[in-house]
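Please open the model in your viewer and keep the sequence panel visible beside it. The tour below proceeds by selection, and each stop states what is to be found there.

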Amino acid sequence: MRITGGKARGIALKSPKDHGTRPATDRTREALFSSLALSILDTTCLDLFAGTGSYGFEALSRGAKSCQFIEHNRVAIDCLKQNAQAVAKSAELCSEAVQVKQFDLLKSDPNTHTGPQSFDFIFLDPPYTLWESHAEYLLNTLALSYAHEDTQLILECPGDLSLDEVSSDWSLKKRLGKSGKGKPTIAIYQKIKSAS
(Lines give C-alpha, C1' and ligand atoms only; values in the text may rest on other atoms or scores of the structure.)
Protein backbone atom coordinates (compact mmCIF):
# COMPACT_ATOMS: atom_id res chain seq x y z
CA MET A 1 0.00 0.00 0.00
CA ARG A 2 1.43 3.34 -1.08
CA ILE A 3 0.57 7.04 -1.26
CA THR A 4 -0.96 7.52 -4.71
CA GLY A 5 -0.37 11.23 -5.35
CA GLY A 6 1.20 14.48 -4.23
CA LYS A 7 4.59 15.17 -2.66
CA ALA A 8 4.80 11.82 -0.86
CA ARG A 9 3.64 9.78 -3.85
CA GLY A 10 5.08 6.28 -3.80
CA ILE A 11 5.85 6.23 -0.07
CA ALA A 12 4.94 2.80 1.34
CA LEU A 13 2.62 2.78 4.36
CA LYS A 14 3.13 0.24 7.12
CA SER A 15 0.09 -1.77 8.14
CA PRO A 16 -0.53 -3.88 11.27
CA LYS A 17 -0.47 -7.62 10.67
CA ASP A 18 -3.53 -9.55 11.86
CA HIS A 19 -4.99 -6.82 14.09
CA GLY A 20 -8.33 -6.29 12.39
CA THR A 21 -7.42 -3.18 10.38
CA ARG A 22 -8.77 -2.89 6.84
CA PRO A 23 -6.59 -0.38 4.99
CA ALA A 24 -8.21 1.58 2.18
CA THR A 25 -6.92 0.29 -1.14
CA ASP A 26 -4.75 2.43 -3.38
CA ARG A 27 -7.49 2.40 -6.03
CA THR A 28 -10.15 3.57 -3.56
CA ARG A 29 -8.01 6.45 -2.30
CA GLU A 30 -6.97 7.47 -5.80
CA ALA A 31 -10.62 7.65 -6.91
CA LEU A 32 -11.56 9.71 -3.84
CA PHE A 33 -8.77 12.25 -4.10
CA SER A 34 -9.24 12.61 -7.86
CA SER A 35 -12.82 13.55 -7.05
CA LEU A 36 -11.80 16.01 -4.31
CA ALA A 37 -9.08 17.50 -6.55
CA LEU A 38 -7.90 20.95 -5.37
CA SER A 39 -10.51 21.23 -2.61
CA ILE A 40 -8.10 19.41 -0.26
CA LEU A 41 -5.44 22.15 -0.49
CA ASP A 42 -4.67 24.04 2.76
CA THR A 43 -7.40 22.23 4.69
CA THR A 44 -7.48 20.72 8.17
CA CYS A 45 -8.30 17.02 8.34
CA LEU A 46 -9.26 14.44 10.94
CA ASP A 47 -8.83 10.68 10.38
CA LEU A 48 -11.07 8.73 12.80
CA PHE A 49 -10.49 4.99 13.35
CA ALA A 50 -7.32 5.82 11.47
CA GLY A 51 -5.75 2.35 11.24
CA THR A 52 -2.77 2.90 8.94
CA GLY A 53 -3.79 6.52 8.37
CA SER A 54 -3.96 6.06 4.62
CA TYR A 55 -6.72 8.65 4.07
CA GLY A 56 -5.12 11.32 6.23
CA PHE A 57 -1.62 10.77 4.86
CA GLU A 58 -2.94 10.88 1.31
CA ALA A 59 -4.58 14.22 2.14
CA LEU A 60 -1.34 15.60 3.58
CA SER A 61 0.64 14.44 0.56
CA ARG A 62 -1.84 16.20 -1.73
CA GLY A 63 -1.69 19.56 0.06
CA ALA A 64 -3.76 19.46 3.26
CA LYS A 65 -2.35 21.78 5.92
CA SER A 66 -2.69 19.38 8.86
CA CYS A 67 -4.25 16.12 9.98
CA GLN A 68 -5.02 14.53 13.33
CA PHE A 69 -5.20 10.75 13.50
CA ILE A 70 -7.20 8.99 16.21
CA GLU A 71 -6.85 5.24 16.74
CA HIS A 72 -7.27 2.88 19.70
CA ASN A 73 -5.17 -0.16 18.72
CA ARG A 74 -1.59 0.06 20.01
CA VAL A 75 -0.07 -1.87 17.12
CA ALA A 76 -1.84 0.43 14.66
CA ILE A 77 -0.58 3.45 16.63
CA ASP A 78 3.02 2.24 16.13
CA CYS A 79 2.42 1.94 12.39
CA LEU A 80 0.76 5.39 12.33
CA LYS A 81 3.80 6.98 13.96
CA GLN A 82 6.19 5.34 11.49
CA ASN A 83 3.99 6.35 8.56
CA ALA A 84 3.80 9.90 9.94
CA GLN A 85 7.58 10.22 9.96
CA ALA A 86 7.94 8.92 6.40
CA VAL A 87 5.16 11.08 4.93
CA ALA A 88 6.08 14.24 6.86
CA LYS A 89 9.67 14.00 5.65
CA SER A 90 8.74 13.33 2.02
CA ALA A 91 5.97 15.98 1.93
CA GLU A 92 8.19 18.50 3.78
CA LEU A 93 5.67 19.01 6.59
CA CYS A 94 6.35 20.69 9.92
CA SER A 95 5.97 18.55 13.04
CA GLU A 96 2.71 20.30 14.02
CA ALA A 97 1.05 19.21 10.78
CA VAL A 98 0.68 15.60 11.98
CA GLN A 99 -0.77 14.56 15.34
CA VAL A 100 -1.37 10.95 16.36
CA LYS A 101 -3.66 10.32 19.35
CA GLN A 102 -4.74 7.12 21.05
CA PHE A 103 -8.38 7.01 22.17
CA ASP A 104 -11.26 4.57 22.13
CA LEU A 105 -13.75 6.56 20.07
CA LEU A 106 -16.68 4.50 21.35
CA LYS A 107 -15.98 4.89 25.07
CA SER A 108 -14.78 8.45 25.64
CA ASP A 109 -16.28 11.89 25.15
CA PRO A 110 -15.48 13.12 21.61
CA ASN A 111 -14.67 16.60 22.93
CA THR A 112 -11.72 15.24 24.92
CA HIS A 113 -9.99 13.86 21.82
CA THR A 114 -9.00 17.05 20.04
CA GLY A 115 -10.34 19.80 22.26
CA PRO A 116 -12.87 22.34 20.94
CA GLN A 117 -11.70 22.05 17.37
CA SER A 118 -13.43 21.53 14.03
CA PHE A 119 -12.04 20.28 10.74
CA ASP A 120 -12.60 20.89 7.03
CA PHE A 121 -12.50 17.18 6.17
CA ILE A 122 -13.32 14.22 8.40
CA PHE A 123 -12.37 10.73 7.25
CA LEU A 124 -14.47 8.08 8.98
CA ASP A 125 -13.60 4.45 8.23
CA PRO A 126 -14.61 2.30 11.22
CA PRO A 127 -14.88 -1.51 11.24
CA TYR A 128 -17.87 -2.31 9.03
CA THR A 129 -19.73 -4.00 11.91
CA LEU A 130 -19.99 -0.59 13.61
CA TRP A 131 -22.15 0.73 10.76
CA GLU A 132 -24.76 -1.84 11.80
CA SER A 133 -24.59 -1.16 15.54
CA HIS A 134 -23.42 2.47 15.88
CA ALA A 135 -24.33 4.35 12.67
CA GLU A 136 -26.38 7.00 14.46
CA TYR A 137 -23.61 7.65 17.01
CA LEU A 138 -20.91 7.78 14.33
CA LEU A 139 -22.76 10.38 12.25
CA ASN A 140 -24.81 12.37 14.76
CA THR A 141 -22.48 12.48 17.75
CA LEU A 142 -18.92 11.63 16.77
CA ALA A 143 -18.62 13.30 13.35
CA LEU A 144 -20.80 16.28 14.31
CA SER A 145 -18.64 17.05 17.33
CA TYR A 146 -15.73 17.86 14.96
CA ALA A 147 -17.71 19.63 12.22
CA HIS A 148 -18.17 23.28 11.28
CA GLU A 149 -20.64 24.71 8.78
CA ASP A 150 -18.62 23.68 5.70
CA THR A 151 -17.17 20.35 6.82
CA GLN A 152 -17.12 17.46 4.38
CA LEU A 153 -17.42 13.96 5.83
CA ILE A 154 -15.82 11.10 3.90
CA LEU A 155 -17.08 7.63 4.80
CA GLU A 156 -15.85 4.26 3.68
CA CYS A 157 -18.74 1.85 4.12
CA PRO A 158 -20.29 -1.28 2.59
CA GLY A 159 -21.90 -0.64 -0.78
CA ASP A 160 -25.28 -1.94 0.36
CA LEU A 161 -25.45 0.39 3.37
CA SER A 162 -27.95 3.27 3.25
CA LEU A 163 -27.49 6.08 5.76
CA ASP A 164 -30.19 8.39 4.38
CA GLU A 165 -32.53 7.75 7.31
CA VAL A 166 -29.81 8.02 9.99
CA SER A 167 -28.97 11.72 10.03
CA SER A 168 -30.58 15.02 9.10
CA ASP A 169 -27.31 16.91 9.61
CA TRP A 170 -25.44 15.53 6.60
CA SER A 171 -26.33 15.63 2.91
CA LEU A 172 -24.93 13.04 0.49
CA LYS A 173 -22.96 14.77 -2.29
CA LYS A 174 -21.48 11.81 -4.11
CA ARG A 175 -20.95 8.06 -3.85
CA LEU A 176 -17.92 6.37 -5.41
CA GLY A 177 -17.76 2.66 -6.14
CA LYS A 178 -20.27 -0.02 -7.06
CA SER A 179 -23.07 -0.76 -4.66
CA GLY A 180 -23.31 -4.35 -3.52
CA LYS A 181 -23.15 -6.46 -0.41
CA GLY A 182 -19.75 -6.24 1.27
CA LYS A 183 -18.15 -4.13 -1.46
CA PRO A 184 -16.46 -0.97 -0.13
CA THR A 185 -17.75 2.36 -1.39
CA ILE A 186 -16.92 5.96 -0.55
CA ALA A 187 -19.68 8.36 0.45
CA ILE A 188 -18.96 12.10 0.50
CA TYR A 189 -21.30 14.07 2.76
CA GLN A 190 -21.61 17.82 3.27
CA LYS A 191 -22.61 19.34 6.58
CA ILE A 192 -26.08 20.86 6.22
CA LYS A 193 -25.93 24.51 7.20
CA SER A 194 -28.14 25.45 10.10
CA ALA A 195 -30.96 27.88 9.38
CA SER A 196 -30.01 31.44 10.33
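**First stop: an exposed residue in a loop**

Select Glu 92, which is exposed, with a relative accessible area of 64%. The model in view is a predicted one. Glu 92 sits in the loop between α3 (74-90) and β3 (98-102). Its backbone deserves a look as well: Glu 92 is not a glycine, yet its phi is positive, at about 60 degrees.

Next, select Phe 49, another residue that is not a glycine but has a positive phi, here of about 55 degrees. Phe 49 is found in the loop between β1 (44-48) and α2. Is Phe 49 buried or exposed? With a relative accessibility of 15%, Phe 49 counts as buried, since the limit for a buried residue is under 20%.

**Second stop: the whole chain**

Now display the entire chain as a cartoon. Its secondary structure consists of five helices and seven strands. Followed along the sequence, these elements give the pattern α-β-α-β-α-β-α-β-α-β-β-β. The chain has 196 residues, and 47% of them count as buried. Among the contacts with a separation of 6 or more, 68% are between residues 24 or more positions apart.

**Third stop: helix α1 and its two sides**

Select residues 26-36, which form helix α1, and show the side chains. Which residues of α1 are buried? They are Thr 28, Arg 29, Leu 32, Phe 33 and Leu 36. These residues lie on the same side of α1 because they cover an arc of only 115 degrees around the axis. Turn to the other side of the helix, where Arg 27 and Ser 34 are exposed.

To see what covers the buried residues of α1, add further elements to the selection. The cover includes α2 (54-61), β4 (119-124), β5 (147-158), β6 (170-176) and β7 (184-191). Before leaving the helix, select Ala 37, which follows α1 and has a positive phi, near 50 degrees.

**Fourth stop: the second largest pocket**

Keep α1 in view and turn on a surface. The second largest pocket holds about 160 Å³ of space. To outline it, select Arg 27, Thr 28, Ala 31, Leu 176, Gly 177, Lys 178, Lys 183, Pro 184, Thr 185 and Ile 186, which line this pocket. Both α1 and β7 supply at least two residues each to the lining. Coloured by residue class, the lining of the second largest pocket divides into four nonpolar, three polar and three charged residues. Two of the lining residues, Arg 27 and Thr 28, appeared at the previous stop: Arg 27 is exposed, whereas Thr 28 is among the buried residues of α1.

**Fifth stop: aromatic pairs**

Hide the surface and show the aromatic side chains as sticks. How many aromatic pairs does the whole structure contain? A search finds four. A pair of aromatic rings is described by the distance of the centres and the angle of the planes.

Select Tyr 55 and Phe 123. Their ring centres are 5.7 Å apart and their planes lie at 5 degrees, so this pair is stacked. Tyr 55 belongs to helix α2 and Phe 123 to strand β4, so the pair ties together parts that are 68 residues apart in sequence. Tyr 55 counts as buried at 4% relative accessibility, and Phe 123 is buried too, with a relative accessible area of 1%.

Move on to Phe 119 and Tyr 146, an edge-to-face pair with 6.2 Å from centre to centre and 70 degrees between the planes. This pair links distant parts of the chain, 27 residues apart: Phe 119 is in strand β4, and Tyr 146 is in the loop between α5 (128-143) and β5. Phe 119 counts as buried at 1% relative accessibility, and Tyr 146 is buried, with a relative accessible area of 1%.

Finally, add Phe 33 to the selection of Tyr 55 and Phe 123: ring pairs link these three residues into a cluster. Phe 33 is one of the buried residues of α1.

**Last stop: a charged residue in a strand**

Select Glu 156, which lies in strand β5. Is Glu 156 buried or exposed? Glu 156 counts as buried, at 4% relative accessibility. Then draw a distance from its C-alpha to that of Ile 188: the two residues are 32 apart in sequence and 9.0 Å apart in space.

Definitions and conventions:
Residues numbered from 1 in each chain as written. Predicted model: local features only at pLDDT ≥ 70, side-chain atom pairs only at ≥ 80, totals over all residues. Heavy atoms only, no water. Buried < 20%, exposed > 50% of the residue type's maximum accessible area, 1.4 Å probe, protein only. Helix = DSSP H or I, 4+ residues; strand = E, 2+ residues; numbered from the N terminus. Arc of directions from axis to C-beta. Contact = heavy atoms within 4.5 Å. 1 Å grid on protein atoms, 1.4 Å probe; cavity = no way out; pocket = protein on both sides within 12 Å on 5 of 7 lines; lining within 4 Å. Points joined across faces, edges and corners; volume = space filled by probe spheres on them. Nonpolar A, V, L, I, M, F, W, Y, C, P; charged D, E, K, R; others polar. Phe/Tyr/Trp six-rings, centres within 6.5 Å; stacked < 30°, edge-to-face > 60°.
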